[in-house]
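The following exercises concern a single protein model with a bound ligand. Please work through each task before reading its solution.

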Amino acid sequence: MTLFSFASAQGPLPREVLTQLRDEINPGAGALSLLELPFSVPAFEEMRAAAEQDLRELLALPEDYSVLFLQGGASAMFALVPMNLLRRGEAADYIETGLWSRRAARAAQPWGVVRVAASGDGRSLPPATQWRRSGDAVYCHLTTTETVEGLQYFSFPAADGVPIVADMTADFLTRPLQLAPFGLIYASAQKNLGIAGLTIVVVHRAFVERAHGIAPAPLDFARQAEARSKVNTPPVFAIAVAGKVLRWLRGNGGLAAAEERGERKAKPLYAVIDDDDFYDAPAPKRDRSRVSLRFHLPEPRLEETFLREAEAQGLVHLRGHAEIGGLRAALYNGVTQEAVEALAAFMRDFRQRRG
Ligand SMILES: Cc1ncc(COP(=O)(O)O)c(C=O)c1O
């Protein structure tokens, strides 16, 4: 039986990447394993630089943005962003749309003045036209996909003043991006570009220059930009894996193709959900996420049966977040069309038998 994972916490890796890793992790007697690579040798710098270059090409990243390979995950960034960017008494706007953006706003409170510029109801997103942004904020924080609630922004305000800082953990590199409105983008790697242990940060020069030495050196944007992410030992293996996924993305048509694949993957699942009232996706169509599909069945008991039967067919990790329950399918970059078609077929069959 083929196992298909729809886990929200960790995305699958492309098969080709896993095959390369297998050989490089265990190259046989006499050769150095990728797991043994020191960060202090030229081979690592070549790998890091290649990963950065591939990311730059994928995003068509202008020279005035730095790429940082940090640790601590998006959760650490919730505090590191204000720690690096805000000085005493300075303010930042936060768009609260769900669990992750609320956590980001809470973590920022010790470091500056947090203004909630918009609040969602957890079932839909406040459109940018309704955000009450303040002109004197240093940045406006946005979570582009709320994985728990299954909500995703598909457009962003124009670059007209206060730069956006975005937690793109769930949808980074799943679609082309106009960089101009963004002062900083961060994403934990484990969903769309590899494994846990690495946080990718894309940061504009103006924000690099704002860092003022409060954050510990390995988490200080200016020091890490200066040291090419080698202030201390970086997560070598996680960077190696990200490098391979970035190369894979480039070799498979870049971000336009990633977006097309993403649309094609979400379609059959939402089609089953929209067929009738058996499955319910609470978000309005304009806000529902292509990378984190949240849906419910008429009763929680039926959801337990769904999870059990799905697992027996190799469709695993479909349980919704503990805080709101229900079901959830994450469709990150590494999830295949085959996986999605198998899930859609199971959902149709389950409805026929239990609906
Ligand atoms: C949108 C979003 N932000 C932040 C996080 C937290 O990431 P980490 O556990 O790597 O800190 C997650 C994890 O699921 C997420 O989905």
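Three exercises with worked solutions follow.

The model is predicted: local features require pLDDT of at least 70 and side-chain atom pairs pLDDT 80 or more, while totals for chains, interfaces and linings use all residues. Residues are numbered from 1 along each chain as its sequence is written, and side-chain values use heavy atoms, without hydrogens and water.

**Exercise 1. The ligand site**

Determine which residues surround the ligand most closely and which polar side-chain atoms approach the ligand.

Solution.
1. The shell (residues with a heavy atom within 4 Å of the ligand) comprises 13 residues, the closest being Ser75, Thr147, Asp167, Ser188 and Lys191.
2. Helix H3, residues 73-85, contributes the most to this shell, with four residues. Helices (H or I, at least four residues) and strands (E, at least two) are DSSP runs numbered from the N terminus.
3. A polar side-chain atom of Asp167 is placed 2.6 Å from a ligand nitrogen atom. Ligand oxygen atoms lie 2.9 Å from a polar side-chain atom of Gln190 and 2.7 Å from a side-chain N or O atom of Lys191.
4. The ligand alone exposes 390 Å², of which the protein buries 85%; such areas come from the Shrake-Rupley method with a 1.4 Å probe.

**Exercise 2. Pro157**

Establish where Pro157 lies in the chain, whether Pro157 is buried or exposed, and which residues Pro157 touches.

Solution.
1. Pro157 belongs to the loop between strand E7 (151-152) and strand E8 (164-167).
2. Its relative accessible area is 13%. Buried means under 20%, exposed over 50%, and partly exposed in between, with a 1.4 Å probe and protein chains only; Pro157 is therefore buried.
3. Leaving aside residues up to four places away in sequence, Pro157 touches Ala128, Trp131, Arg133, Ile164 and Pro181, where contact means heavy atoms within 4.5 Å.
4. Thr129 is 28 residues from Pro157 in sequence, and their C-alpha atoms are 8.3 Å apart.

**Exercise 3. Thr145 and helix H4**

Classify Thr145 as buried or exposed, and state what covers the buried residues of H4.

Solution.
1. Thr145 is found in strand E6. Its relative accessibility is 4%, so Thr145 counts as buried.
2. Beyond residues up to four places away in sequence, the contacts of Thr145 are Leu151, Gln152, Ala170, Asp171, Ser289, Val291 and Ser292.
3. In helix H4 (residues 99-108), the buried residues are Leu99, Ser101, Ala104, Ala105 and Ala108.
4. The cover over these H4 residues includes H3, strand E3 (91-96), strand E4 (113-119) and strand E6 (145-146).

Conventions
Polar contact = N/O pair within 3.5 Å; in protein donor to acceptor, adjacent residues only side chain to side chain.
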